[in-house]
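Dear colleague,

Please find below the structure that I am handing over to you, together with its sequence. My notes on what was found in it follow directly after.

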Amino acid sequence: MKWLLIKLVRAYQKGISPLFPPSCRFEPTCSNYMIVAIQKHGLKGVLMGIARILRCHPLSKVGKDPVPDHFSLRRNKK
């Protein structure tokens, strides 16, 4: 199941993402964050990725936001 979710994100990265200008406010990008979160946390990683996408808006602080080692829907401040 994890490999299917990762394939879907990679398809987005190759097919849809290039059609829009880069606009991610965090490092790593939201799609890369989703892939790492799925690899580390399985299906819970999808929730982490969705929470990350919801945090990516013009009023949020920019910067590094790596995937935490433990499951959390909040921004990783390390």
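**Helix packing**

Helices α2 and α3 are roughly antiparallel to each other, because their axes cross at an angle over the 145 degrees that this term requires. Please note that this is a predicted model. The crossing angle of α2 (residues 30-41) and α3 (residues 44-55) is roughly 155°, and their axes come within 7 Å. The crossing in which α2 passes α3 is right-handed. On the α2 side, the contact is formed by C30, Y33, M34, A37, I38 and H41. On the α3 side, the residues that take part are K44, G45, V46, M48, G49, I50, R52, I53 and R55. By character, the residues of this contact comprise 9 nonpolar, 3 polar and 3 charged.

Helix α2 also packs against α1 (residues 2-15), where the two axes come within 10 Å and cross at roughly 170°. The pair α1 and α2 is therefore roughly antiparallel as well. From α1, the contact draws on K2, L5, I6, V9, R10, Y12 and Q13. From α2, it draws on S31, N32, M34, I35, I38 and Q39. Here the division is 7 nonpolar, 4 polar and 2 charged residues.

**H41 and K44**

Two residues of the α2 and α3 contact, H41 and K44, deserve a separate description. H41 belongs to helix α2. Is H41 buried or exposed? Its relative accessibility is 16%, so H41 counts as buried, the limit being under 20%. Leaving out residues up to four places away in sequence, H41 touches M48, V67, P68, D69, H70 and F71. With one of these, P68, there is a short approach: a polar atom of the H41 side chain lies 2.9 Å from the backbone oxygen of P68. As for α1, the C-alpha atoms of H41 and L5 are 12 Å apart in space, with the two positions 36 residues apart in sequence numbering.

K44 is located in helix α3. K44 has a relative accessible area of 48% and is therefore partly exposed. The C-alpha atoms of K44 and F71 are separated by 7.4 Å, although the two residues are 27 apart along the chain. F71 is also among the residues that H41 touches.

**D65 and its surroundings**

D65 is found in the segment after β2 (63-64). With a relative accessible area of 0%, D65 is buried. Which side chain does the side chain of D65 meet in a polar contact? The partner is R55, at 2.9 Å. R55 is one of the α3 residues that take part in the contact with α2.

Apart from residues up to four places away in sequence, D65 touches F26, E27, P28, Y33, R52, R55, R75 and N76. Among them, Y33 and R52 also belong to the contact between α2 and α3. Two others, E27 and P28, are joined by a cis peptide bond, with omega at about 0°. P28 itself lies in the loop between β1 (26-27) and α2.

**Two loop residues**

C56 sits in the loop between α3 and β2. At 25% relative accessibility, C56 counts as partly exposed. Leaving aside neighbours within four places in sequence, C56 is in contact with C24, R25, F26 and C30. Of these partners, C30 is also one of the α2 residues that meet α3, and F26 is also touched by D65. Between C56 and L4, which are 52 residues apart along the chain, the C-alpha separation is 24 Å.

L19 lies in the loop between α1 and β1. In contrast to the buried D65, L19 is exposed, with a relative accessible area of 66%. The C-alpha atoms of L19 and I50 are separated by 21 Å, and the two residues are 31 apart along the chain.

**For reference when viewing**

The following places may be convenient to display:

- the contact of α2 with α3, including M34 and I38, both of which are also listed in the contact of α1 with α2;
- the side-chain pair D65 and R55;
- the side chain of H41 and the backbone oxygen of P68;
- the cis peptide bond between E27 and P28.

With kind regards

Conventions: Residues are numbered from 1 along each chain as its sequence is written. This is a predicted model: local features need pLDDT of at least 70, side-chain atom pairs count only at pLDDT 80 or more; totals for chains, interfaces and linings use all residues. Side-chain values use heavy atoms; hydrogens and water are left out. Axes are lines fitted to C-alpha atoms, for helices over the stretch in contact, and angles run from 0 to 180 degrees between N-to-C directions. Helices (H or I, at least four residues) and strands (E, at least two) are DSSP runs, numbered from the N terminus. Angles under 35 degrees count as roughly parallel, over 145 as roughly antiparallel, 65 to 115 as roughly perpendicular and the rest as oblique. A crossing is left-handed if the near helix is turned anticlockwise from the far one by less than a right angle, and right-handed if clockwise. Contact means heavy atoms within 4.5 Å. Ala, Val, Leu, Ile, Met, Phe, Trp, Tyr, Cys and Pro count as nonpolar, Asp, Glu, Lys and Arg as charged, and the others, Gly among them, as polar. Buried means under 20% relative accessible area, exposed over 50%, partly exposed in between (1.4 Å probe, protein chains only). A polar contact is a pair of N or O atoms within 3.5 Å; within protein, one must be able to donate a hydrogen and the other to accept it, and residues adjacent in sequence count only if both atoms are side-chain atoms.
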